[in-house]
Amino acid sequence: MSEEIYYPNPEFAKDARINSMEQYWELQNSAKEDYEGFWKGYADEKIEWLEPYDKVLDESDAPFYKWFTNGKMNVSNQCIDRHLATRGEQTAILFEGDKGDVEHITYNQLSQRVNKMANLLKNEFGIKKGDRVVLYMPMIPEAAYAMLACARIGAIHSIVFGGFSAEALKDRIEDAGAKLVITADGAYRKGKPYMLKPVVDEALGQGGESIEAVLVVKRNNEAIEWVEGRDHSYNDLIDAQSDECPFEPMDSEDPLFLLYTSGSTGKPKGVQHSQAGYILWAQMTMEWVFDVREGDVYWCTADIGWITGHTYIVYGPLAAGTTTVMFEGVPTYPDAGRAWSMVEKHKITQFYTAPTAMRLLHKMGQDEPKKYDLSTLRVLGTVGEPIDPAAWKWYYEVVGGSKASIVDTYWQTETGGHMISPLPGATPIKPGYATFPLPGIMAEILEADGTPTPVGEKGLMCITRPWPSMIRTIWGDPERFVKSYFGDVKKDGKPVYFTGDGAMMDEDGYIKITGRTDDVINVSGHRIGTAEIEDAIKKVDAVAVSAVVGKPHDIKGEGIFAYIVLKEAGSADTETIKAEINAVLKQEIGAIALCDQIAIVPDVPKTRSGKIMRRILRAIAKGEPITQDTSTLEDPSIVPAIEKIVQEG
Ligand code: PRX
C-alpha cells in the first residue's frame, strides 16, 4: 500500500473555494454543531425558492426523511432560467459526437429547446406532473433536454442505460408504470451507427402496457420500423412548439427522477430522488469537489444512464452554471488519444471518469497523453470503484502533469451525490483513499451494533445522519427501502443508513473503501446483483444450479465468474454452456452482464441449511487458499473438487 502523500498544488489551492484542512474542519464542525443551520445556509443561498420551506429537516417519519418541507422550487429553473440574465450566451452543453462533430449549446439555446420539449410533452402527449417518462437515449443533447423538460413540468424521468436489453427495459417501464418512452433511432459508436429504437419496439412487443406513445429523436437516420399512432417524430413536431413553457412550482419532496439499480436480492430497485435536496447537493459538490469556476469546461465521461451522468453531466454542472461536455463516443476511438485530444481541443479544466476507463487508456497508450497539451486540467476525478495506486500515479503524473488534484469520489446511486472525497485545494492525498466525508456528511465506519470499527480494521460504511440528496424510497416498495438500507446497522438504538460497502480508516482518519459486503458485483464501475444474473441463468435448460461471484479483472475491475451445476452431468461442454448462458444474459439484462468465465462443477458448497457459501467460491475464483472452516458444509469434499476443476481451467 502506498503511503506517499500528495499535497494540493499551491497555485491552484490559493483560489480554491475550500483551500485548507482547517477550513474543511471548520465547516464540518459547524455542521456537527448545528446540522440544520448548516444546511439552511446553503439552501437559502443556492436555491431560488418560489415559496419558502417551513422546516429544514423533518425526521418524524424516519427513515423517510424530508428536507425543506413545503418549500416550492423548480430544478429546471435552478439549471437554466436563473442563469439567463448573467450567462445566456455562455455554452451550457458542449456536445462532441462520435465522429468529431461539435456543437456549442448556449444557456439561451438550452432554455429554448427545453421549453419547446416541455411543451411537446405537455401538449402532444398530455404529460403532467407526477407522470413517469422513460428515457432510452444515446449521449446526445436531446437526452439532457428531455431530462430538464420533465423536471420543468414535474414529470418523473427514469433513464434506462442504452446497453440494457429489451427485457430489462420492459421491466423498468412496467415497474414505473411509465406513459411515454423517449428514444432515438440510434447513434454512433466507433464510427458506426448503432440502434436503440428496435430495442424499444421489442420491449413494447413483450409488455409495457402503460406506454401510450414513443417519441423518437433522429440521430443516425438509419431505417427504423414505425408503429402508426404510437410512434412520433421529435424532429417533425418540435419546431411548432412555443419556446415558452412556465416551470411548475414543485414541492421540495416531489420525486425528480427514478433510477433503477441492482441490489443483492431480487429485481432492480427504482431509487427515487427528490427535488430540492438533490439539486442543492448536486450544485454544492460541483463547487467543492470540482471547484468549478467561471470559464471552466468540465467533462464527465459517464453515460446519462447512470447516476454519475445524472448528477455530474446534467444537473450538477448546469445548476452550478458550468459548461458541461457531453460526448457521444468512446474515449478509445479512433485511437487511445481521443480523450486527450478532446481535453486539448476544448481546453478541459476538470475531467471525471471511472478507474476502468483509465486502466484501459493506460493499457492502450501509456505515453499517449504526452502528445497533447493537457495543461488546462486542474481537477481529475474518479468514481465507481477503488482506484489502485499504480493507476492513480499514472493519472496524477502523466495525465495531470503532477499539478492537477485527483479526487477519488465515493458515492452511490442512492446518495445522489458525492459522500467521501478529497477537496482538490485542501486535502493531502493518499492514493487509494477516498479520504474524508465532505462537509455536512456524517460518514462513519461501524460494526453492526453501531460501535466504531477500530482503526485499521474493516467495518461497515455508514452515513449516520440523513443528508439532502439521499434516496427517498424505492419506487412502489417502501418496505424494501427500509430493509435494504436501514436494516443492518443500529447506532444508539436507531437504524442508520448502511451503504453495502466495507471500509477502513487509517490512523490519520483517512477512509479507504474496500468494496461491497453484499452480493453485488462491480463490473467496469457498474453495479450488478449476483441474484439478477443467477435468475437469468435459470432460463438455460441444461443448468440446475448457478452461483455467481466477482473475480478481479485487469480492466473491468471485476469480471463475472459463474459456477454451474448441470441437470445431467456431462451433458454439455464448458464452451457450449458459456455461449448459451451469455446469450440468455444478453437477452435478459444486456451485454454488461456477460460472464467472463464459467466452471462446470458437480455441486456448489452449501451449508446444511442449503445456503451457498459464496465466500469460498470467491476465494477459489481468485485462486486464494480457503481459510474458512469447511467442516460444517453439507459436503466438505466438494471444495477441493471445485478447486481442482478451476485450477485445471
Ligand atoms: O461499491 C461502491 C462503488 O460503487 C457502488 C455504487 O455504485 P452505483 O450506485 O452504480 O454508483 C456508481 C457511481 C457513483 C458503491 O456502493 N464505488 C463508487 N465510488 C467508489 C466506489 N468504490 C470505491 N471507491 C469509489 N470512489
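Leaving aside neighbours within four places in sequence, arginine 338 is in contact with Glu96, Gly97, Asp98, Gly100, Phe327, Val330, Pro331 and Tyr333. The model described here is predicted. Arginine 338 belongs to helix H13, which covers residues 338-346. Its relative accessible area is 6%. Arginine 338 therefore counts as buried, since the cut-off for that class is under 20%. The C-alpha atom of arginine 338 lies 25 Å from that of valine 289, a residue 49 positions away along the chain.

Isoleucine 445 offers a second local view. This residue is part of strand E21, residues 443-446. Isoleucine 445 is buried, at 7% relative accessibility. With residues up to four places away in sequence set aside, isoleucine 445 touches Thr451, Pro452, Thr453, Gly459, Leu460, Met461, Ala503, Met504, Met505 and Ile511. Glutamate 457 is 12 residues from isoleucine 445 in sequence, and their C-alpha atoms are 9.5 Å apart.

The chain as a whole comprises 649 residues. Its secondary structure consists of 20 helices and 31 strands. The C-alpha trace spans about 75 × 65 × 55 Å along the principal axes. The radius of gyration is 24 Å. A compact globule with 649 residues would have a value near 26 Å, so the two agree. Buried residues make up 62% of the chain. The accessible surface comes to about 24400 Å². Carbon and sulfur atoms account for 49% of that surface. Among contacts with a separation of 6 or more, 71% join residues 24 or more positions apart.

Helix H8 (166-176) is mostly covered, with 8 of its 11 residues buried. The buried positions are Ala166, Glu167, Ala168, Leu169, Lys170, Arg172, Ile173 and Ala176. Charged residues are among them, including Glu167, Lys170 and Arg172. The cover over the buried residues of H8 includes strands E6 and E8, helix H9, strand E14 (255-261) and helix H18 (574-588). Glycine 177 comes just after H8 and takes a positive phi of about 60°.

Helix H9 spans residues 197-206. Its buried residues are Lys197, Val199, Val200, Asp201, Ala203 and Leu204. These residues pack against helix H8 (166-176) and against several strands. The strands are E6 (132-136), E8 (180-184), E10 (192-195), E11 (213-217) and E12 (231-233). H8 and H9 thus appear in each other's surroundings: H9 is part of the cover of H8, and H8 is packed against by buried residues of H9. Strands E6 and E8 also belong to the cover of H8, and the buried residues of H9 pack against them. Glycine 208 follows H9 and has a positive phi, near 65°.

A helix pair was examined further along the chain. Two packed helices are described by the angle between their axes and the distance between the axes. Helix H14 covers residues 355-364, and helix H15 covers residues 389-399. Their axes come within 10 Å and cross at roughly 70°. H14 is therefore roughly perpendicular to H15, because angles of 65 to 115 degrees fall in that class. On the H14 side, the contact is made by Met358, Arg359, Leu361 and His362. H15 contributes Ala391, Trp394 and Tyr395. By class, the contact has 5 nonpolar, 1 polar and 1 charged residues. The charged residue is Arg359, and the polar residue is His362.

Conventions
Residues are numbered from 1 along each chain as its sequence is written. This is a predicted model: local features need pLDDT of at least 70, side-chain atom pairs count only at pLDDT 80 or more; totals for chains, interfaces and linings use all residues. Side-chain values use heavy atoms; hydrogens and water are left out. Axes are lines fitted to C-alpha atoms, for helices over the stretch in contact, and angles run from 0 to 180 degrees between N-to-C directions. Helices (H or I, at least four residues) and strands (E, at least two) are DSSP runs, numbered from the N terminus. Angles under 35 degrees count as roughly parallel, over 145 as roughly antiparallel, 65 to 115 as roughly perpendicular and the rest as oblique. Contact means heavy atoms within 4.5 Å. The radius of gyration is taken over C-alpha atoms; the globule rule is 2.2 Å times the number of residues to the power 0.38. Buried means under 20% relative accessible area, exposed over 50%, partly exposed in between (1.4 Å probe, protein chains only). Accessible areas come from the Shrake-Rupley method with a 1.4 Å probe; for residues, only the protein chains shown count as cover.
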